[in-house]
Amino acid sequence: MARSRGDHEARRRDVSEAVWQVMAVRGFGGLTLRAVAARLGATTGLLTHYFPTKRALVTHALDLLEERTAARPRRPAGEGLDALRAALLDMLPLTEEATRSNRVWVSSWDHVLSDPELSDAHAGRYARSRDALRDKVAAAQALGELPPGDPERTAAGVQSFVLGLVVQALLDPAAFPPSRQIELLDGQLAALARRRPPAGSDR
């Protein structure tokens, strides 16, 4: 009997789950058709129906990473600076789930940097995150909680700060436990709130 569309979609979800589990344990360096097949309890031949090449597998994995990150529960927040702080906290490895997700993100960088097309797509993912932060910065400025200036530039700065903090926390979790990550982020936001743009500049 031919498989129904529901069977196909269910199998695809199973495949995606296996891809995620391999990434969570091995990172992108351990992402292979053989590893996914072993996790799925299937043959590599079956997986070639979904991923005819290793690049197709990596592309799916990157899309899956973005989807999983977007679907993670978010902490409740108010408006303005509170919303910006909550969004930045959600990016940090403060929980086991967030730590796993960040490990996968960081392990993906080596793969995408060697492929211009994948690199462009990944840059787009970070740009979308930056755009969301920009809107929150602009809202905080409108409320008078942050000084006036270019919200895009401020968003790029806080995103860069948090990504650097992510790497340090992953490499040395003993030196950067959740409490210190939060303390450092709050210090960065407090410095932004006190900052005033140079005279004669709106930046």
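Helix H6 buries a set of its side chains in this predicted model: Ala98, Ser101, Asn102, Val104, Trp105, Ser108 and Val112 are buried. The helix covers residues 96–113, 18 residues in total. From the first C-alpha of H6 to the last, the distance is 27 Å, close to the 26 Å expected at 1.5 Å a residue.

A second spot worth a visit is His60, which sits in helix H4 (residues 54–71). The relative accessible area of His60 is 15%, under the 20% cut-off, and His60 is therefore classed as buried. Its side chain is joined to that of Ser16 by a polar contact of 2.9 Å. Leaving aside residues up to four places away in sequence, His60 touches Arg12, Ser16, Val19 and Phe51. Ser16 thus appears both among the residues touched by His60 and as its partner in the polar contact.

Turning to confidence, the protein chain has a mean pLDDT of 88, with 92% of its residues at 70 or more. Among the elements of the chain, helix H8 (residues 151–171) has the highest mean pLDDT, 97, while the lowest, 80, belongs to helix H1 (residues 5–26).

Two stretches call for some care. Over residues 1–5, pLDDT stays under 50, and the model shows zero contacts for them beyond four places in sequence. Residues 198–203 also stay under 50 in pLDDT, but here the model has seven contacts beyond four places in sequence. Where pLDDT is low, the predicted coordinates should not be read in detail.

Definitions and conventions
Residues numbered from 1 in each chain as written. Heavy atoms only, no water. Helix = DSSP H or I, 4+ residues; strand = E, 2+ residues; numbered from the N terminus. Expected span 1.5 Å × (residues − 1). Buried < 20%, exposed > 50% of the residue type's maximum accessible area, 1.4 Å probe, protein only. Polar contact = N/O pair within 3.5 Å; in protein donor to acceptor, adjacent residues only side chain to side chain. Contact = heavy atoms within 4.5 Å. pLDDT = per-residue confidence, 0-100.
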